[in-house]
Every structure is written in C-alpha cells, then in structure tokens.
Amino acid sequence: MNWRITVYYRFVLLLATVFVFSCAQSLQAVPAAPNEGVIEGRVEGYCLVLSSSLNISPEQVIHVLHIRVSATEDLPGKMNFTREKAGELINVHLKERPAEDLLGLKVRANVIYLGDERGGLFWLNNIMIEKEDKP
C-alpha cells in the first residue's frame, strides 16, 4: 500500500476520533431556565421517598405531595413550567415535612421546576391552605 494512502487514512481516523469525543462532550444536558409558577389544587396524596431513588445526594428523606392542579398562575418576570398542568396530578417535592397534614385540603403553592431536558422535579417554594367555599 502506498505510504500516502496510509497517512491519509490515519489522518481521517484521527479527525473522526476528535469529532466523536467532541460530540460526546456536547451531549451534556442543559439545565432548566429559572422559573416559578403558582398552582391551586387539592392534595390527593402524600408519601416519603429516599433521595437515592431520585438520583439526589446526599441520602435523605424527600416528602412528596400529590396535587391535582385545578388552576395555574404566572408570576411577573418568571417562566411558568406549570402552565399546562391544569387538570393533572403532579408530584411536588420538599425536603422538610409539611407543618400540617395537608391530605384532602385545597392549597395554593409556589413551585419551581429543577432539572433539564431529560427530566426534573417540581419543588415546593411556598404553600398556603385555601379556604373552602361553603354551599
């Protein structure tokens, strides 16, 4: 085989290797933009999970509220990732136990989404119990 062809193939192999490694590094996920939205809904469930099951470290207990969203509201100057969630049951995570038993209660909560395009979680920022209208 001609030495020029051998050098050419080696050069092409080197370029292909550099290309593959540069593409692999660019596959890192892009984090979600800063955001916060307000949801109104009823707490339909509550559970505890270990953070390791959510790929969160260090190991700790995470509290999860299952909220059936009845309405959402935008906050001025903030992206709202809950806007399309009306009518859905979403999981809202928090690191500390809620001050009250919220099961079955109507709530209004500020939530943020932390994650990237591969996935993420809604986290509680603030919660208030809504008064029920009496018939």
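**Reading side chains in a predicted model**

Colleague: Arginine 68 counts as partly exposed, at 33% relative accessibility. What does the term partly exposed mean?

Modeller: Note to begin with that this is a predicted model. Under 20% relative accessible area a residue is called buried, over 50% it is called exposed, and partly exposed covers what lies in between. Arginine 68 has 33%, so it falls in the middle class. Its salt-bridge partner, glutamate 44, is also partly exposed, at 43%.

Colleague: Why can side chains pair in that way?

Modeller: Side chains that carry opposite charges can pair when their charged atoms come close. In the bridge between arginine 68 and glutamate 44, the closest N and O atoms are 3.2 Å apart. This pair links distant parts of the chain: arginine 68 is in strand β2 and glutamate 44 is in strand β1, 24 residues apart.

Colleague: How many salt bridges does a search of the whole structure find?

Modeller: The search finds six. Another of them joins arginine 108 to glutamate 73, with the closest N and O atoms 2.9 Å apart. Arginine 108 belongs to strand β4 and glutamate 73 to strand β2, so the pair ties together parts 35 residues apart in sequence. Glutamate 73 is partly exposed, at 34% relative accessibility. In the bridge between lysine 85 and glutamate 88, the closest N and O atoms are 3.8 Å apart. Lysine 85 has a relative accessible area of 25% and is partly exposed; glutamate 88, at 35%, is partly exposed too. Bridges can also share partners, and in this way Glu40, Glu73 and Arg108 are joined into one network.

Colleague: Now the nonpolar side chains. Which residues touch the most other members of the largest nonpolar core?

Modeller: A core is read by asking which buried nonpolar residues are joined to one another through their side chains. The largest one here has 14 residues, and Ile39, Ile67 and Val92 touch the most other members. Strands β1, β2, β3 and β4 each supply at least two residues of this core. The biggest contribution is from β4, with four residues. For isoleucine 39, the contacts beyond four places in sequence include Ile67, Val69, Ile90, Val92, Val107 and Val111.

Colleague: Which residues make a nonpolar patch on the surface?

Modeller: A patch is a group of accessible side chains, so it is read from the outside rather than from the core. Tyr46, Leu48, Leu50, Val61 and Leu103 make a nonpolar surface patch of about 460 Å². Strand β1 (residues 37-50) provides the largest share of this patch, three residues. Leucine 103 is in the loop between β3 (89-94) and β4 (106-116), and at 49% relative accessibility it counts as partly exposed.

Colleague: How many aromatic pairs are there?

Modeller: To read a pair, take the distance between ring centres and the angle between ring planes. The count comes to two pairs. Phenylalanine 81 and tyrosine 113 form a tilted pair, 5.5 Å centre to centre with 45° between the planes. Phenylalanine 81 lies in the loop between β2 (61-74) and β3, and tyrosine 113 in strand β4, so the pair ties together parts that are 32 residues apart in sequence. Phenylalanine 81 is partly exposed, at 28% relative accessibility, while tyrosine 113 is buried, at 16%. Tyrosine 113 also forms an edge-to-face pair with phenylalanine 122, at 5.4 Å centre to centre and 70° between the planes. Phenylalanine 122 is buried, with 10% relative accessibility. Together, Phe81, Tyr113 and Phe122 form one aromatic cluster.

Colleague: Where in the backbone is a cis peptide bond found?

Modeller: The angle to read is omega. It is about 5° at the cis bond that joins serine 57 and proline 58. Proline 58 lies in the loop between β1 and β2. Asparagine 55 is found in that loop as well, between β1 and β2. Its phi is positive, about 60°, although it is not a glycine. Asparagine 55 has a relative accessible area of 75%, so it is exposed.

Colleague: Which residues does leucine 89 touch, not counting those up to four places away in sequence?

Modeller: Contacts are a matter of space, so partners may be far off along the chain. Leucine 89, in strand β3, touches Glu44, His66, Ile67 and Arg68. With a relative accessible area of 42%, leucine 89 is partly exposed. Arginine 68 and glutamate 44 are the salt-bridge pair discussed at the start.

Terms used:
Residues are numbered from 1 along each chain as its sequence is written. This is a predicted model: local features need pLDDT of at least 70, side-chain atom pairs count only at pLDDT 80 or more; totals for chains, interfaces and linings use all residues. Side-chain values use heavy atoms; hydrogens and water are left out. Patches are made of residues with over 30% relative accessible area and no salt bridge: like charges are joined within 9 Å, nonpolar side chains (Val, Leu, Ile, Met, Phe, Trp, Tyr) within 5 Å. Accessible areas come from the Shrake-Rupley method with a 1.4 Å probe; for residues, only the protein chains shown count as cover. A salt bridge is a side-chain nitrogen of Lys or Arg within 4 Å of a carboxyl oxygen of Asp or Glu. Buried means under 20% relative accessible area, exposed over 50%, partly exposed in between (1.4 Å probe, protein chains only). Rings of Phe, Tyr and Trp (its six-membered ring) pair if their centres lie within 6.5 Å; planes under 30 degrees apart count as stacked, over 60 as edge-to-face and the rest as tilted. A nonpolar core is a set of buried Ala, Val, Leu, Ile, Met, Phe, Trp, Tyr and Cys residues joined through side-chain atoms within 4.5 Å. Contact means heavy atoms within 4.5 Å.
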